[in-house]
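Q: Please take me through one part of this model closely, following how its pieces sit against one another. I work with coordinates every day, so cut-offs are welcome.

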Amino acid sequence: MSLIGRLIIIFIGFLAACFVGGMIVVGALLFPEFSDLGAGPVDQGTIDILLGFGFIFVSGFALVPAAVIVAITEALYIRSALAYAVGGGLVGLACYLGLVPFDSETLRFEGIVRRHLEIMTGAGIVAGIVYWLIAGRNAGAWRIPPAPRQPPPPLPSSSRPDAR
């Protein structure tokens, strides 16, 4: 049962990390628009839709690289927040580079926008920390057998039902 519980915690941690990463990506990409003083108030329904699309975007692209990082950290009992931050940054980098065209003749990515690369990597770092807060602190704990329980102390002789 502990493995099933661990998988549920991993899934919840992944969803929370993707939601936070999506919020960062949407907020950072829309920041130049928000900084314009003449823009007026922002419609809350629009923000909700953008956050939903950001969550879907991040979770869809981050699923495979994040699963690799989770498998490595679970297998090796890695519980360091720094390891999850670095792993999240690598996942964010992989997600961004997966969207950029790659020229196989020159072996270069064509059209990398540095700001977008920084946003995706930073969102990955924060998402890795969020995942660590939820699931990473106990990585690999499902394999450690529980400590044997001590037997209860014997009952006092006056509390036995046959002793009258």
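**Helix α2 and its surroundings**

A: α2 and α3 are roughly antiparallel to each other (angles under 35 degrees count as roughly parallel, over 145 as roughly antiparallel, 65 to 115 as roughly perpendicular, and the rest as oblique). The pair packs at an angle of about 150°, with the axes 9 Å apart; axes are lines fitted to C-alpha atoms, for helices over the stretch in contact, and angles run from 0 to 180 degrees between N-to-C directions. Their crossing is right-handed, meaning that the near helix is turned clockwise from the far one by less than a right angle. On the α2 side the contact is made by Phe61, Ala62, Pro65, Ala66, Ile69 and Thr73, and on the α3 side by Tyr84, Gly87, Val91, Ala94 and Cys95 (contact means heavy atoms within 4.5 Å).

Before going further, a word on the ground rules: this is a predicted model, in which local features need pLDDT of at least 70 and side-chain atom pairs count only at pLDDT 80 or more, while totals for chains, interfaces and linings use all residues. Residues are numbered from 1 along each chain as its sequence is written, and side-chain values use heavy atoms, with hydrogens and water left out.

Now to α2 itself, which covers residues 44-75; helices (H or I, at least four residues) and strands (E, at least two) are DSSP runs numbered from the N terminus. This helix has a kink of about 55° at leucine 63, shortly before proline 65, where the bend is the angle between axes fitted to the seven residues ending at a residue and the seven starting there. Leucine 63 is partly exposed, at a relative accessible area of 47% (under 20% is buried, over 50% is exposed, and partly exposed is in between, with a 1.4 Å probe and protein chains only). From leucine 63 to alanine 81 there are 18 residues in sequence and 20 Å in space, C-alpha to C-alpha.

The buried residues of α2 are Ile47, Gly54, Val58, Ser59, Ala62, Ala66, Val70, Thr73 and Glu74. Among them, Ala62, Ala66 and Thr73 also belong to the contact with α3. Glutamate 74 has a relative accessibility of 7%, so it counts as buried. Setting aside neighbours within four places in sequence, glutamate 74 is in contact with Arg6, Ile10, Ala139, Gly140, Trp142 and Arg143.

Another member of the buried set, Gly54, is touched by a residue of a further helix: valine 26, whose contacts beyond four places in sequence are Leu50, Leu51 and Gly54. Valine 26 lies in α1, residues 2-34, and is buried at 14% relative accessibility. Its C-alpha atom is separated by 9.6 Å from that of isoleucine 119, although the two are 93 residues apart along the chain.

How does UniProt annotate this stretch? An unreviewed entry places the feature "transmembrane region" at residues 7-31, 51-72, 81-99 and 119-135; such positions are given in the numbering used here, feature names are shortened, and annotations may be inferred rather than shown by experiment. In the model, residues 51-72 are 100% helix and 0% strand, with the end C-alpha atoms 29 Å apart.

Just after α2 comes tyrosine 77, with a positive phi of about 55°. Most residues other than glycine have a negative phi, and tyrosine 77 is not a glycine. This tyrosine sits in the loop between α2 and α3 and is partly exposed, with a relative accessible area of 38%.

Beyond that loop, α3 also packs against α4, at an angle of about 140° and with axes 6 Å apart, so α3 and α4 are oblique to each other. Here too the crossing is right-handed. Tyr84 and Cys95 of α3, already met in the contact with α2, are also among the α3 residues that meet α4. The α4 side of that meeting includes Gly124, which touches Gly88, Gly89 and Gly92 when residues up to four places away are not counted. Glycine 124 is buried, with a relative accessible area of 9%. Looking back to α2, glycine 124 and isoleucine 72 are 17 Å apart, C-alpha to C-alpha, and 52 residues apart in sequence.
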